[in-house]
Amino acid sequence: MMDTKLYYEQVVRDIYEAIGRGTAVQTLAVRHNSLLQGKTSEHQTDVYWEFNDGELTYKTVIQARETATLDELFALLRIIRDIPGHTVGVLVTQPVYKKDIKDMADSAGIILYELFAPAAQDIVEPVIEHVRINVDKEWVKHEKEKAGIGDEQVQVMKQPKYAFIYDGQGHCVDSVQGIFDSYSKQRRGMPAGEKQAIAHTFHSPAFLQTNHALVPFVKLTSIEFDLEFVKVNELPGEEMVEYILSKVFRYFGR
């Protein structure tokens, strides 16, 4: 597990990379882990971001610190006061509970981006996408001919993932969600971010219920879907950049 200090350093790297991929504003300059020349001296910055919203140019100094202290706030305040223009500071840190820290940040033009320290281990959850329910077309065609409904459409009763699966005697034996859950448990060790295409075939007759009185079931051949495990305790860089933009604009009354 990444320690807390490294975690916040990784967060600012994610912000820097997200800015590089493009934002809703025009980026004029973005630098990571660099020296920034101020009016009186040079300053070490984790991320420096200069951008224009079509009217004004803004300068943002983003620093990662494990803990927000008055000393850290004063250090960041000295930097932003040495950079001319519409300049704000962003301190990426653990949640701040001290009122004097919050009050000083508000008055100094410093945005506290508060994030909880990483969990003891990554929290991953399965994500199911691109579900395809494949039916036995010949069987369905034959049943529709028997019912005398020709090309009339036959649809399942619910969204597929919430539908139950029945055997040839009409007994409920599973659900589509149950199949998703089964594969999610089997593949629990998959690396996060890796996507796997699953094709579940039925070795005995399996049916879904329909909304048609004359053809109450359709026979299934397979269910295909993509399975991916994602880290739910990670915040995408793009979301963090949007948050910072909204705070910068609010600070300057935009």
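Rings of Phe, Tyr and Trp (its six-membered ring) count as a pair if their centres lie within 6.5 Å. The exercises below apply this and related criteria to a predicted model.

**Exercise 1. Aromatic pairs**

Find which residues are linked by ring pairs into a cluster, and classify the pair formed by phenylalanine 51 and phenylalanine 249.

Solution. Under the ring-centre criterion, the count of aromatic pairs comes to eleven. For phenylalanine 51 and phenylalanine 249, the centres are 6.2 Å apart and the planes stand at 80° to each other; planes over 60 degrees apart count as edge-to-face, and the pair is accordingly classed as edge-to-face. Locating the two partners shows that this pair links distant parts of the chain, since phenylalanine 51 belongs to strand β2 and phenylalanine 249 to helix α6 (residues 237-251), 198 residues apart. Phenylalanine 51 has a relative accessible area of 0% and is therefore buried. Following the ring pairs onward gives a cluster made up of Trp49, Phe51, Tyr58, Phe249, Tyr251 and Phe252.

**Exercise 2. The surroundings of asparagine 52**

Decide whether asparagine 52 is buried or exposed, and identify the backbone oxygen that lies 3.2 Å from a polar atom of its side chain.

Solution. Begin with the location: asparagine 52 is part of strand β2, which covers residues 42-52. Its relative accessibility is 15%, so asparagine 52 counts as buried, the cut-off being under 20%. The backbone oxygen in question belongs to leucine 56, and the 3.2 Å separation runs from that oxygen to a polar atom of the asparagine 52 side chain. Once neighbours within four places in sequence are set aside, the residues in contact with asparagine 52 are Val25, Gln26, Leu28 and Thr57.

**Exercise 3. The two sides of helix α5**

Work out how the buried residues of helix α5 are arranged around its axis and which strands they pack against.

Solution. The buried residues of α5 (residues 176-186) are Val176, Ile179, Phe180, Tyr183 and Ser184. These residues span an arc of only 135° around the axis, and therefore sit on the same side of α5. The spacing can be understood in general terms, because an α-helix has 3.6 residues a turn and residues three or four places apart point the same way. On the other side of α5, Lys185 and Gln186 are exposed. The buried residues of α5 pack against β6 (124-135), β7 (164-166), β8 (172-175), β9 (195-201), β10 (207-209) and β11 (217-231).

One of these strands, β6, contains valine 131, which is partly exposed because its relative accessible area is 37%. Beyond neighbours within four places in sequence, valine 131 is in contact with Phe180, Ile223, Glu224 and Phe225. Valine 131 and aspartate 226 are separated by 95 residues in sequence, yet their C-alpha atoms are 7.1 Å apart in space.

**Exercise 4. A β-α-β unit**

Determine which handedness is shown by the unit made of β4, helix α3 and β5, and explain why β5 is described as largely enclosed.

Solution. First take the strand pairing: β4 (residues 86-93) and β5 run parallel and are joined by five bridges. Within this arrangement, glycine 89 stands opposite isoleucine 110 of β5. Next add the helix: together with α3 (residues 99-108), the two strands form a β-α-β unit that is right-handed. Finally consider burial: four of the five residues of β5 (residues 110-114) are buried, so this strand is largely enclosed by the rest of the structure.

How values were computed
Residues are numbered from 1 along each chain as its sequence is written. This is a predicted model: local features need pLDDT of at least 70, side-chain atom pairs count only at pLDDT 80 or more; totals for chains, interfaces and linings use all residues. Side-chain values use heavy atoms; hydrogens and water are left out. Buried means under 20% relative accessible area, exposed over 50%, partly exposed in between (1.4 Å probe, protein chains only). The arc is that of the directions from the helix axis to the C-beta atoms. Contact means heavy atoms within 4.5 Å. A polar contact is a pair of N or O atoms within 3.5 Å; within protein, one must be able to donate a hydrogen and the other to accept it, and residues adjacent in sequence count only if both atoms are side-chain atoms. Two strands pair if DSSP finds at least two bridges between them. A crossover is right-handed if, with the strands pointing away from the viewer, the path from the first strand over the helix to the second runs clockwise. Rings of Phe, Tyr and Trp (its six-membered ring) pair if their centres lie within 6.5 Å; planes under 30 degrees apart count as stacked, over 60 as edge-to-face and the rest as tilted.
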